[in-house]
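Good morning, and thank you for coming. Please have the sequence and the structure open in front of you while I speak.

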Amino acid sequence: MELWQQMIRDSIHTVDQLVDKFKLDRTVAEGLDEFFQARINPYYLSLIRYPGDPIWLQCVPNIQELEDMEGYEDPLQEDAMSPVPNITHRYPDRVLFLTTSQCGMYCRFCTRKRKVGNSDKISMRQLESAFKYLEDHKEIRDVIMSGGDPLMLTDTMLEKILKRIRQIPHIEIIRIGTKMPCVLPHRITPKLCEIIKKYHPIYINTHFNHPWEITPESTKACEMLANAGCPVQNQAVLMKGVNDDADVMKELFNKLLRIRVKPYYLYMADETRGANYFRTSIDKGLEIMFKLRGHTSGLAIPHFVIDAPGGGGKIPILPQYVLHKDENSIILQNYKNQVYVYHEATNTNGNGKHPEFGLNNIKVEVSDKKNGSSKKPKNYKEASSVKVVQSENSKN
Ligand code: SF4
């Protein structure tokens, strides 16, 4: 048995362990075990610094899960978009392929609670209809292996699946969605990397949420994957008490870049039953994004998205940088709240000359947020509306 497998065996997962270790009331622990079982492996447990810290919140069952029955069991409607077992086909050219129900840790905020934690093993025979679907649908060029966590599969099973996918000529890229580099980095072994190298191009989507998860072990795991030729990208979830702070996010994203992981998505938490207590306001997410752009490398900034409830897919949301746009120009606010004008290519001010920089030729009407007055401010931070009432062309 490999070290990572031994650590899975040594995980905290029983009601007795929850009561002993985390002083949960036994009835509550039983209810939580019934709702969504726990799995906290010794490595992830060792990252906890104090009760209720950002690591604890992500892994230790919490009574609030039982008190929150609002939200959806399947917020992204993955099951409704599943043409055959184990496949979700939402976007035209790519699919989600669920290869296991097991994870290295069971995250309390998980969107797929209905699927994961079930100890029934998925066999190659059970995946046959999924492979057949991939073969028959020539429009699919991108397969995202997910779960559960595909790196919970044994090396043998993982290689069988990769080999089988690679036999389908129209599949161009394979992505592996895995939280193992974060929650159990010991899974990233030289042998695993050798297997992965044979089936490129393989991209790794991993999932770090807090800078404390970046340790010597997780650094080594991400570097091994990068050295094996995998672009590694991170998908984080914005969560109350875990990472709803611009400084924490900036530290996380900068540290990820240092271990060769590109911050890819920052998700608003899904409307998941039993996990609503993690949700922040949308404004909090926008505020964090505004405090990142311009204040750190563009490489460190992920797309901030809402995975639309009901299966609408990922929709990017941005802080307000565009104050106004018309056929002549766009008025933009930068990260320092300074205002700039960018002119359309066709806008030559009527005399063949390019317009001057700045707002000189544009009269702007602004409603002030505080008192509703209309005045031209130095910056537009407090503006509730901005309207161009006279632009270069209308003047001429
Ligand atoms: S690793 Fe992913 S699928 Fe597994 S419990 Fe965590 S969030 Fe859910």
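Let me begin with a definition: helices, of at least four residues, and strands, of at least two, are runs assigned by DSSP and numbered from the N terminus. Counted in this way, the protein chain contains 14 helices and 14 strands. What you see is a predicted model.

How far may we trust the prediction? The mean pLDDT of the protein chain is 89, and 87% of its residues reach 70 or more. Two stretches call for caution. Over residues 379-384 the pLDDT is below 50, and this stretch has 21 contacts in the model beyond near neighbours in sequence. Residues 390-396 also have a pLDDT below 50, with 16 contacts counted in that way. Where pLDDT is low, the predicted coordinates should not be read in detail.

Next, the chain as a whole. Of its 396 residues, 37% are buried. Among contacts with a separation of 6 or more, 73% join residues that are 24 or more positions apart.

I now turn to the sheets. Strands of a sheet pair through backbone hydrogen bonds, either parallel or antiparallel. One open sheet has nine strands, in the order β1-β2-β3-β4-β5-β6-β7-β8-β9, and its pairing is mixed. Which strands stand at its edges? They are β1, residues 87-91, and β9, residues 313-316; each has a single partner strand, so one side of each is left without a neighbour in the sheet. On average, neighbouring strands of this sheet are turned by 30° against each other, direction ignored.

Within that order, please find β5, residues 202-206, and β6, residues 232-238. These two strands pair in the parallel sense over three bridges. One residue to look for is N205, whose bridge partner in β6 is Q233.

Another open sheet has three strands, in the order β10-β11-β12, and its pairing is antiparallel. Its edge strands are β10, residues 322-325, and β12, each of which pairs on one side only. The twist from one strand to the next averages 20°.

In this sheet, β11, residues 329-333, and β12, residues 339-343, pair in the antiparallel sense over five bridges. S329 stands opposite H343 in β12, and I330 has Y342 as its bridge partner there. The hairpin of β11 and β12 has five residues between the strands, and in it N337 takes a positive phi near 65°.

Let us move to the ligand. Which residues surround the ligand? They are C103, Y106, C107, C110, R112, V116, G147, G148, D149 and K179. By class, this shell has five nonpolar, two polar and three charged residues.

I close with a single residue, T111. This residue lies in the loop between β2, residues 94-98, and α7, residues 128-136. Is T111 buried or exposed? A residue is buried if 20 or more other C-beta atoms lie within 10 Å of its own. T111 has 24 C-beta neighbours inside 10 Å, and therefore counts as buried. Leaving aside residues up to four places away in sequence, T111 touches P75, L76, D270 and T272. R273 is 162 residues from T111 along the chain, yet the C-alpha atoms of the two are separated by 8.4 Å.

Notes. Residues are numbered from 1 along each chain as its sequence is written. This is a predicted model: local features need pLDDT of at least 70, side-chain atom pairs count only at pLDDT 80 or more; totals for chains, interfaces and linings use all residues. Two strands pair if DSSP finds at least two bridges between them. Axes are lines fitted to C-alpha atoms, for helices over the stretch in contact, and angles run from 0 to 180 degrees between N-to-C directions. A residue is near a molecule or strand if its C-beta atom, placed from the backbone, lies within 6 Å of it. Ala, Val, Leu, Ile, Met, Phe, Trp, Tyr, Cys and Pro count as nonpolar, Asp, Glu, Lys and Arg as charged, and the others, Gly among them, as polar. pLDDT is the predictor's confidence in each residue, from 0 to 100. Two residues are in contact if their C-beta atoms, placed from the backbone, lie within 7 Å. A residue is buried if 20 or more other C-beta atoms lie within 10 Å of its own, exposed if 12 or fewer, and partly exposed in between; C-beta atoms are placed from the backbone.
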